[in-house]
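These are my notebook entries on a structure that I am reading for a first time. Each entry records what I looked up and what I found.

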Amino acid sequence: MVQTQPTKLPVLKNKLYVVLFLLGLSGVKSFAQQNFFNVPSSDITEKKKIFFQQQFNLFANSIASNTTLCYGLGNEFEIGLNVLGVTYGFDKRKFICNSKNEQPIYPSIGLNLQKQLFELNNYSLAMGGQLLHTFKPGEWEYYLFINNKYELKKTKLIAGFYAGNNNYFGTEPRFSNGMKTFGVQVGIEYEIIHEKLFLQADFISGRTPMSNLILGGAYKLSNHWIISSGFQIPNSKKTSSSGLIVELTFV
């Protein structure tokens with residue numbers, strides 16, 4: 001997950017229609033992958049197993065790196081490390097750091113936690129978050145979420161709420177009506193080829209740099225390696241950018 005720079009803006013309402021259309025696809029449980037692109041899928045790393053994901057966000061003037069490492073503790077609980085927003089600017093030919101006066105702040109490093117609270121048949125409820133330091137004295141950022149997950153024959157659906165401070169999300173509203181306390185996040189994964197090829201999409205509400213619709217897919221290279229790619233469509237041209245996202249995942 002990474003903060004981005006301005007670009008062109010599709011209408012938010014139209015993107016919601018796209019998400020709802022994808023959620024309507026009729027749909028075997030998919031492979032474990034902690035994020036679709038930005039929205040957590042709420043798959044918990046198995047006990048004593050490791051999850052690793054490297055994401056690159058490629059934009060017109062920059063490329064950003066986001067790294068996630070998780071370890072399964074058992075009892076549907078995981079803990080891990082994030083290094084987010086390591087950004088290289090092509091025009092300035094150097095790594096970019098946002099100061100506390102240019103919220104959100106990046107890069108940052110810190111812990112992630114996630115716990116499944118409840119499971120019944122194809123439904124589960126999980127909560128988690130990240131606590132990160134921004135490499136600036138006294139500057140911390142956090143992201144919290146609670147997700148409902150429902151798995152059909154070929155489809156995984158995620159719907160939940162998120163919250164976080166301005167150092168993580170910036171000062172813009174988390175929801176379209178101007179609400180800055182919390183927002184909505186939605187994700188979908190649909191199996192195209194059995195245990196091999198998957199359609200993926202996720203959406204984060206609001207007008208923050210994290211508020212985007214991402215459409216893409218994932219391909220399972222082997223039992224442990226997955227490659228994913230998607231195109232990011234921003235909610236607001238003032239805070240985010242369109243661009244290409246590539247992920248390499250080990251499970």
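**Entry 1. Aromatic residues.** I began with the aromatic side chains and found that Tyr143, Phe145, Tyr162, Tyr168 and Phe169 form one aromatic cluster. I note at once that the model is a predicted one. Across the structure I recorded ten aromatic pairs. Among them is the pair of Tyr162 and Phe169, with ring centres 5.0 Å apart and planes at 35° to each other, a tilted arrangement. I also looked up the burial of these two residues: Tyr162 is buried, and Phe169 is buried as well.

**Entry 2. The chain as a whole.** I next turned to the overall make-up. The chain contains 13 strands and two helices. It has 251 residues, and 49% of them count as buried. For the accessible surface I noted a total of about 12000 Å², with 63% of it belonging to carbon and sulfur atoms.

**Entry 3. A nonpolar patch on the surface.** Which residues make the nonpolar surface patch? I listed Phe56, Leu58, Phe90, Tyr219, Leu221, Trp225, Ile227, Leu244, Val246 and Leu248, which together make a patch of about 810 Å². I then asked which strands supply at least two residues of the patch. They are strand S1 (50-58), strand S12 (225-234) and strand S13 (243-250). The largest share, three residues, comes from S13.

I took Leu244 as an example, since this residue belongs to the patch and lies in strand S13. Its relative accessible area is 36%, so Leu244 is partly exposed. That value falls between the limits of 20% for buried and 50% for exposed.

I noted a general point beside the strand members of the patch. In a regular strand the side chains alternate between the two faces of the sheet.

**Entry 4. Strand S5 and its partners.** I followed strand S5 (residues 108-120) to the strands beside it. Strand S3 (residues 77-89) runs antiparallel to S5, and eight bridges join the two. Within this pairing, I found Leu81 bridged to Leu111 of S5. How many bridges join S5 to S6? I recorded eleven, again with the strands antiparallel. Ile109 stands opposite His133 in S6.

S5 and S6 form a hairpin with two residues between the strands, and there Asn121 takes a positive phi near 55°.

**Entry 5. Gln114.** I looked more closely at one residue of S5, namely Gln114. Is Gln114 buried or exposed? Its relative accessible area is 4%, which is under the 20% limit, and therefore Gln114 counts as buried. The side chain of Gln114 is joined to that of Ser42 by a polar contact of 3.1 Å. I also compared separation in sequence with separation in space: Gln114 and Gly128 are 14 residues apart along the chain, yet their C-alpha atoms are 4.0 Å apart.

**Entry 6. Glu139.** I then looked up a residue in a loop. Glu139 sits between strand S6 (123-133) and strand S7 (140-151). With a relative accessible area of 14%, Glu139 is buried. Its side chain makes a polar contact of 3.0 Å with the side chain of Asn167.

**Entry 7. Backbone exceptions.** For the last search I kept a general expectation in mind. Most residues other than glycine have a negative phi, and most peptide bonds are trans.

Where does the chain hold a cis peptide bond? I found one joining Tyr106 and Pro107, with omega about 0°. Pro107 lies in the loop between strand S4 (94-96) and S5.

I recorded further positive phi values in the loop between strand S2 (62-74) and S3, where Asn75 is placed. Asn75 has a phi near 55°, although it is not a glycine. Glu76 is placed in that loop between S2 and S3 too, and its phi is positive at about 55°.

Their exposure I looked up separately. Asn75 is exposed because its relative accessible area is 69%, over the 50% limit. Glu76, at 38%, counts as partly exposed.

Technical notes. Residues numbered from 1 in each chain as written. Predicted model: local features only at pLDDT ≥ 70, side-chain atom pairs only at ≥ 80, totals over all residues. Heavy atoms only, no water. Helix = DSSP H or I, 4+ residues; strand = E, 2+ residues; numbered from the N terminus. Buried < 20%, exposed > 50% of the residue type's maximum accessible area, 1.4 Å probe, protein only. Areas by Shrake-Rupley, 256 points an atom, 1.4 Å probe, with all protein chains shown as cover. Patch = residues over 30% accessible without salt bridge, like charges linked within 9 Å, V, L, I, M, F, W, Y side chains within 5 Å. Salt bridge = Lys/Arg side-chain N within 4 Å of Asp/Glu carboxyl O. Polar contact = N/O pair within 3.5 Å; in protein donor to acceptor, adjacent residues only side chain to side chain. Pairing = 2+ DSSP bridges. Phe/Tyr/Trp six-rings, centres within 6.5 Å; stacked < 30°, edge-to-face > 60°.
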